[in-house]
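Colleague: Could you zoom in on one part of this model and walk me through it properly? I'd like the details joined up rather than a list.

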Amino acid sequence: MFWSSEQHLLSSYQARPTVLARVQQLSQEPLPETSPEPPQNTRPGPQNPLGGAEGNSGVDPVQTSEGPGGRLIAGWSDEPFRGQLSVRLRGNHNTPDWLLPNGPNQGSKVLGVFGTLELYGQPHNVYHTKLGATAAAGSNTLTLRRSVDWQVGDQVVVSTSSYEASETEKHLITAVSADGRVLTLNQPLAHTHMGETHSVSGTSFSYILAADVGLLTRNIKIIGQEYPDMMAESFGARLLVGTFSSAGIQYKGKAQIRNVEFFQSGQEGWTDFYDPRYSVAFLDLGEVSGNDSYVQGCSFHDGFSPAIGVFGTAGLKVDDNVVHHTVGEGIRVWGDRITLRRNLVVMTLWPGSYQNREESFNFEWNAAIEVSEGTNVVLQHNVVAGYERVAYRIDGEPCPELLNENEAWLQNEAHGGLYGVYMNKDGLAGCSFIRGFFVWKTFDFAVYFQTVMSVVVSNVTLVDNGMGIMALVYAPPSLSHAYADKSVHVQNSLIVGSSPSFNCSDSLDSEDFNVAISALHRAPRPPQGGRSGICWPTFQSGHNTAPGKPHHLNMNYNSIKGLMTVTDTTFVNFRDVCSGEVNFMFITNPLNEDLQHPVQVSGIRIIDSTEDAKVFIHRPDLGKVNPADCVDMDCDAKKKTLLRDLDGSFLGAVGAVVPQSEYEWGGDPRRGLGDYRIPKPMLTALNGSRIPVEQIAAYKGVFRKSCTYMDSWQGYKCFGLNYRMVVIESLDADTETRRLSPVAVLGYNYVDLINGPQDHGWCGGYTCQKRLSLFHSIMATNHSFDVYFTSVSPQNLRLLMLNSDPSESLLVSVFYSNPQRLEVYVENRLVAPTNAAWNSDRTDYTLTPPAYEGEHVPQMDDPVGSNYFDQDYKMLKVLLRGSTPVVIRTSPVLVLAFNMPAMTEDEFFSVNLMQNLALLLKVPPSMIRISKIIREDGGTRRRRRSTGLTVEVEIRNPPVQQITNSTNDEEDFQLLRTIADDLGQAAVSGNLSRSIGFNVSSVGIIPPPPPSSDPSWSEVAGEEVTRDEPAMSYLSQVSRLLLMVAPIAGEFVGPLSQQPSLMAVDEQGNCVSVGVTTLTVTASLKNASGEPVDGLEGNTTIQFRTCWANFSDLSVLSSGDNLTMVFTLKDWGAQSETFSVRNLPTTLAPPTTEAPPTTDDSIFSSSTSLSAGGLCLISVIYEVACCSTSIPIC
């Protein structure tokens, strides 16, 4: 049908003047270019103009077009249509689509509104209400809470009051009581439907658990005409209100739809925002006024798609509608300032199991009311009852501290499905506010959110749910070392574990495909069954890809910071229920093995609940102890759960719930926890002896006082200590690739071990073998704790006490096995050590030794970052205060030890060593500092070196007083490595003494460790961690290059069967650590005439390691007789005995790596026998080499 220009359709018992009536059957013909002439008769009388005694009209697609003024009218806003009007739209999947120029594709079986549609059916005083009393299965009467004006013959829907959406029923009314509160139905009920009110003793709280009853019948109907394949195709009628343009004219629809019944409407499968074939869709209308368009008091039932969709439209009102049986969403809003009030949505079906489908890869979690893509939406007094997946998908409201010009959300309700309130990659910038929801009988999560912003949950009532609140907040990624003060706050709420009449057998049908395919998304339950109130929060680096993966699965590294607070909230009926099941108030997430951030509670009321049911902490998942996840010990999430009671309302006094971090210490070996995992330096005394574990760490786990182990909690109830979570974070470039754990935290005879996050990578089908060096420990304020890493301590370390007040402090001491200069920064500014003595211009400082034990140790009332390095114990002591992070940076220092002959102080100071060094090294004298002068006693192990004086010198840059994100030590390291190389080469060549003006017999060098981004750092970081002083690499003038292992070639060309090794020594045979320098040794071949020849392949030029040069892959690929292998280090050289090789005969097999016996008299012969003279010569060589204390072979 088509109306244009001045054409109108009036359906009313009282005609109004100037109204023209005309119906032109156009089927699907295109729009006429000119409007037909208006009819002459202008006043229709009381009649049904669409034909039929009941006003039934079967039509093909219909369109109203305003150019301007096209209208389709049935009744008026103040004078509703009082007859019966049915509009049946015909069509099926094969009906051609109806395309519009510069507009949407209408599809078919459609009433397209591009002019004005005004449908006003008879209103009702109540559109839906709740049961006033429970209606048992088999009963045929319903007692309502409110009086209704419904009539005999009307159809009603009765919602489920269980977890099963399928327990929704439709019936006809056969009688209505005089007071309008009792309905008699045409058939008995198939299921019991609750109608109960419960009060919470001792409080003003009460709640209603009752099925909803909605009226489906209206006197104006839009019906999808049936056809044989209609149910299979799910192809019903649709109403589209939209815009298009033609011939320069813009057509914009308006629809005032009030009290209209939509039956068998919507077309399943078309859900895109640009082509929404819903029962009613408003598409791209832009701004509409409150009177231009709305949907009010309508019913939608037995549909094939979402009932109402709003896209690209602003200002629309959707009120008092009853929606029953939709596929996908019930109401979907992608518009702005859309208001939804007093709507009842019943029985929304998941498309993946609709009509017995089994779509295993359908990851949609459709919501009965989805408004998460809309903006400035208002939800008030809506009810969703019976939903196969989700009740409400929302963004929430702006949090109270943010500007919100919209009306507040009020009293929205959900019951009978899997998830109640749902946010997944949804929410508002900064903070989202979830308030005023009443969620009951949701099998999994009453409130679930996984958002990038903080969330406040306020004034919610949660009853009989699998879990009340599951909170996941993500970003920024901790691998970037960024953090944010994100939080979850639950306030002013009521959470009921089990209502008084809870049915313990109430569950889901496990045979239902929707239930079975979503099994991994079930809410965590206590091991023996039951329900829970609030789950420990998950703050994570990124989204966990749900619903592709389970909604509460941890899929990436935990965030650095995060906090959940629960205030002024009442917990009711958390105790043993249902023959051994237990409802717990707080429970951990069993699928999070990395970290579950702290919970703080205050203002808690506990009613009809037991002490044993307050907390449940899962055990770590033993299955995660494998090389692909947590490696060789349990991960930390269940061993670092912390709940703090700030006012005693939860535990009976101010205190904390502390985990059993020591679980299975020394027990099940698969969990990898025991004394043997304690880092070695912690158990090593200053004299190198081993300290018995019982002496310093008799107790295991988190430091405790006044604690009681609670079996049912699997944790401790503690009083007297103020616990805080402390972050220990490596800022090094190798934070993912170098393992620092287990990390030991020692305090007051307690030791706790931390493993860190699990491996979350996935590289080419395998795990990436990467784990972030981010550790969260539990410490107590006003106390001191020591931290030991299993491997070399990070060069850059950040310490952070979470969620702390500036009045709170604790002292952390970190062990450094090979300390350089450790600098401490707070807010990027240097905090000098407490024993620092600044120079006159305050650009550098020296460290003053303590006059008595503990003189410089920071005190608890000192400023944040106060620090002192204990040289004896190699412990950097740093004070943490509040939640201000403290950064410890290792700055490179080159340490030199010049060994000189004995001399007086006057002789030594008569020559300016620092000035001469500065000239030699081309650095400012301020970089050079004499740190120690030692007079040697001429001990026997040093007798071959000159005895007398050892002068230790440090070369370094002054400390950086303000750092930025780009500050690094790579330039300093390169400079100091160049200095070490220059000094080393001067020593090796014998030029050092002349350059610095002193007779130097040797120089010891401790080169600075390379930055963590340098490839060579992995070798340094892989060294064993001990309390020993770092070893000096000694250099003096090289006298000889010894061939310690001679090359052995085979009979034929190919790889050497024995690779050569050389050693650089001085005149006394001491090892000279040429490896400190960049000097290299080169191997080459010479023929019998002493001339260089080609044919030696492999790495022919290599660097030294200490005083050794070890070749590894040399091959002789050219034949020759009496060849010699020559090795050259600057002016020094060595050569092998002569040898001969032949080309490989074509008839022989390739040579093996085993060497044939040699026939010469070489002591390196591979013969099984050696002469006595050969043994003697080896002994002599080793004797010469071993005169140095630094030769590794000794």
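Modeller: Let's start with one pair of residues: I930 has V953 of strand 75 as its bridge partner. That belongs to a set of seven bridges between strand 74 and strand 75 (residues 948–955), and the two strands run antiparallel. Before going further, a word on what you're looking at: this is a predicted model, where local features need pLDDT of at least 70 and side-chain atom pairs count only at pLDDT 80 or more, while totals for chains, interfaces and linings use all residues. Residues are numbered from 1 along each chain as its sequence is written, and side-chain values use heavy atoms, with hydrogens and water left out. When I say strand or helix, I mean a DSSP run (E and at least two residues for a strand, H or I and at least four for a helix), numbered from the N terminus. Two strands count as paired if DSSP finds at least two bridges between them.

Now the whole sheet. Five strands make up an open sheet in the order 74-75-73-76-77, and the pairing is antiparallel. Strand 74 sits at one edge and strand 77 (1033–1035) at the other, each pairing on one side only. From one strand to the next the twist averages 20°. Angles here run from 0 to 180 degrees between N-to-C directions, using lines fitted to C-alpha atoms, for helices over the stretch in contact.

Two helices go with this sheet. Helix 5 packs on the sheet and touches strand 73 (894–901), strand 74 and strand 75, with its direction at about 125° to that of strand 74. Contact means heavy atoms within 4.5 Å. L913, L917, A918 and L921 of helix 5 are buried, which means under 20% relative accessible area (exposed is over 50%, partly exposed in between, with a 1.4 Å probe and protein chains only). Those buried residues line one face of helix 5, because seen down its axis they fall within an arc of 130°. The arc is taken from the directions that run from the helix axis to the C-beta atoms. As background, an α-helix has 3.6 residues a turn, so residues three or four places apart point the same way.

What happens right after helix 5? K922 takes a positive phi there, about 60°. As a rule, most residues other than glycine have a negative phi. K922 is in the loop between helix 5 (913–921) and strand 74 (928–935). It counts as exposed, because its relative accessibility is 74%. K922 also leads us to the other helix: C-alpha to C-alpha, K922 and I979 are 8.9 Å apart in space, with their positions 57 residues apart in sequence.

I979 is one of the buried residues of helix 6, along with F973, L976, A980, D981, L983, G984, A986, A987 and V988. Helix 6 (residues 970–989) has 20 residues and spans 28 Å from its first C-alpha to its last, close to the expected 28 Å at 1.5 Å a residue. The expected span is 1.5 Å times one less than the number of residues. Helix 6 lies across strand 73, strand 75, strand 76 (1002–1006) and strand 77, and runs at about 20° to strand 73. So strand 73 and strand 75 come up for helix 6 as they did for helix 5. After helix 6 comes G990, with a positive phi near 85°.

For comparison, here are two other positive phi values outside glycine. K874 has one of about 55°, in the loop between strand 70 (867–870) and strand 71 (875–881). K874 is buried, because its relative accessible area is 3%, whereas K922 is exposed. M347 has a phi near 60°, but M347 is in a strand, number 31 (residues 344–349). M347 counts as buried at 16% relative accessibility.

There's another sheet to set beside the five-stranded one. It is open, has three strands in the order 78-80-85, and its pairing is antiparallel. Its edges are strand 78 (1040–1045) and strand 85 (1108–1110), each pairing on one side only. The twist averages 25° from one strand to the next. Strand 80 (residues 1061–1065) joins strand 85 through three bridges, and the two run antiparallel. S1061 has N1110 of strand 85 as its bridge partner.
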